[in-house]
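Got your viewer open? Let's take a walk through this protein together, picking one thing at a time and looking at what is there.

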Amino acid sequence: MQGRGPPKGSIELFSPTYFAACGLGGIIACGPTHTSVTPLDLVKCRRQVDPKIYTSNFSAWRSIFAKEGLRGVFFGWAPTAVGYSFQGAGKYGFYEVFKYYYGEKLFPNANKTVVYLGASASAEFLADIALCPFEAVKVRMQTTLPPYASSLREGWTKVTSKEGIGGLYKGLYPLWGRQIPYTMVKFATFETTVDQIYKTLGKPKESYNSLQQTGVSFLGGYIAGIGCAAISHPADVMVSKLNADRQPGESGGKAMSRIYGNIGFRGLWNGLPVRIAMIGTLTAFQWLIYDSFKVSLGLPTTGGH
């Protein structure tokens with residue numbers, strides 16, 4: 001039975017090398033996947049800031065492509081690629097670290113879901129510190145017309161020269177507000193869903209081969225992604241608005257209050273269907289890539305233990 005699962009590798013579980021491998025897997029899972037959906041993200045961000053700018057996503061892509069070509073459709077890909085690669089390393093790498101230390105060392109008798117939630121929240125807190133500067137540049141590039149900057153380097157230089165390093169972090173609190181609940185749902189729902197899938201199948205995870213196990217990861221990831229998109233969407237809208245419309249010297253609280261006064265509760269849900277499609281697919285492929293990478297190193301897939 002054991003022989004059908006992924007082969008045992010030379011990396012010792014829960015060693016520094018193991019955690020580093022998980023961080024590398026996070027880079028591979030998050031950087032390319034987020035970059036691949038830049039066209040969706042571009043339109044989503046612009047429609048969040050100005051709901052009347054396009055009549056539909058397809059009309060948006062037609063309009064952008066006609067004026068700027070494929071480069072315009074993928075505008076903002078560089079800060080997306082770099083930022084989400086850093087974030088992926090922190091999100092997945094630190095999640096494995098915190099899950100091990102919280103669940104095995106500090107609170108060995110704790111409820112598993114509580115461990116998943118705590119580990120994912122801790123990991124995302126750190127990962128967002130790396131993501132935030134690139135997210136700030138990306139949002140400014142994508143939501144201003146004409147664009148605030150034409151490249152990551154130009155955008156970074158413009159922000160830091162006018163506002164200092166702090167200008168790159170003025171969206172950090174709402175980013176935490178968006179990403180921490182998102183990641184808590186992403187990891188806890190994924191782990192719980194995968195456990196449930198194997199219980200429903202009626203056999204232990206180790207009795208299935210690598211392809212079958214990564215298939216379970218894909219399905220569990222898609223289910224988790226739907227929940228992620230819904231719970232984090234209002235904060236996602238606010239991050240876009242803050243980066244595009246926060247006045248110099250204006251406090252975060254005052255800016256959010258002013259923006260909410262302009263858009264109302266309904267405005268916080270602009271672009272939700274697009275985000276569900278984007279995040280569901282994104283999350284499914286991230287888990288597929290991440291667990292496939294782990295299997296390639298002879299490590300077990302995530303969940304189902």
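Start by selecting Phe-14, which sits in the segment before helix 1 (16-36). Keep in mind as you go that you are looking at a predicted model. Phe-14 has a positive phi of about 65°, although it is not a glycine. How buried or exposed is Phe-14? Its relative accessible area is 37%, so Phe-14 is partly exposed.

**Zoom out**

Now show the whole chain as a cartoon. How many helices and strands does the protein chain have? There are 10 helices and 0 strands. Follow the chain along its sequence and the pattern reads α-α-α-α-α-α-α-α-α-α.

Next, the overall dimensions. Along the principal axes, the C-alpha atoms fill a box of roughly 60 × 40 × 35 Å. The radius of gyration of the protein chain is 20 Å, and that agrees with a compact globule, because a globule of 305 residues would have a value near 19 Å.

Switch on the surface if you like. The protein chain exposes about 13,800 Å², and carbon and sulfur atoms supply 66% of that area. As for the inside, 52% of the 305 residues are buried. Contacts often reach across the sequence, too: of those between residues at least 6 apart, 77% join residues at least 24 apart.

One more whole-chain view: colour by charge. The protein chain has 31 positive and 18 negative charges, and the mean positions of these two groups are 5 Å apart.

**Stop 1: the first aromatic pair**

Go back towards the start of the chain and select Tyr-18 and Phe-19. These two form an aromatic pair that is edge-to-face, with 5.4 Å from centre to centre and 65° between the planes. Tyr-18 counts as buried because its relative accessibility is 4%. Phe-19 counts as buried as well, at 12% relative accessibility. In total, the structure holds 23 aromatic pairs, and you will meet another one later.

**Stop 2: a lysine on the inside**

Select Lys-44, in helix 2 (residues 38-49). Is Lys-44 buried or exposed? With a relative accessibility of 2%, it counts as buried, since the cut-off for buried is under 20%. Show the side chains around Lys-44 and look past the residues up to four places away in sequence: Lys-44 touches Asp-236, Arg-275 and Met-278.

**Stop 3: a cis peptide bond**

Move along to the loop between helix 5 (112-143) and helix 6 (152-163), where you will find Pro-146. Zoom in on the backbone here. What kind of peptide bond joins Leu-145 and Pro-146? It is a cis peptide bond, with omega at about -5°.

**Stop 4: into helix 6**

From that loop, carry on to Thr-160, which is found in helix 6. Thr-160 is partly exposed, because its relative accessible area is 24%. Leaving aside neighbours within four places in sequence, Thr-160 is in contact with Ile-165 and Leu-168. Try the distance tool as well: Thr-160 and Gly-271 are 111 residues apart along the chain, and their C-alpha atoms are separated by 30 Å.

**Stop 5: an alanine in helix 10**

Now select Ala-284, which lies in helix 10. Ala-284 counts as buried because its relative accessibility is 0%. Which residues is Ala-284 in contact with, leaving aside its neighbours within four places in sequence? They are Phe-218, Gly-221 and Tyr-222. For another go with the distance tool, pick Ser-56: Ala-284 and Ser-56 are 228 residues apart in sequence, and 25 Å apart in space from C-alpha to C-alpha.

**Stop 6: two more aromatic sights**

Phe-218 came up just now among the contacts of Ala-284, so keep it selected and add Phe-285. At 29% relative accessible area, Phe-218 is partly exposed. Phe-285 also counts as partly exposed, at 37% relative accessibility. Turn the view until you can see both rings: their centres are 5.1 Å apart and their planes are at 80°, so the pair is edge-to-face. The pair links distant parts of the chain, with Phe-218 in helix 8 (residues 210-245) and Phe-285 in helix 10 (residues 272-296), 67 residues apart.

For the last stop, select Tyr-92, Tyr-95, Phe-187, Phe-190, Trp-287 and Tyr-290 together. Those residues form one aromatic cluster.

Terms used. Residues numbered from 1 in each chain as written. Predicted model: local features only at pLDDT ≥ 70, side-chain atom pairs only at ≥ 80, totals over all residues. Heavy atoms only, no water. Helix = DSSP H or I, 4+ residues; strand = E, 2+ residues; numbered from the N terminus. Rg over C-alpha atoms; globule rule 2.2 N^0.38 Å. Buried < 20%, exposed > 50% of the residue type's maximum accessible area, 1.4 Å probe, protein only. Contact = heavy atoms within 4.5 Å. Areas by Shrake-Rupley, 256 points an atom, 1.4 Å probe, with all protein chains shown as cover. Lys, Arg positive; Asp, Glu negative; His and termini not counted. Charge placed at Lys NZ, Arg CZ, Asp CG, Glu CD. Phe/Tyr/Trp six-rings, centres within 6.5 Å; stacked < 30°, edge-to-face > 60°.
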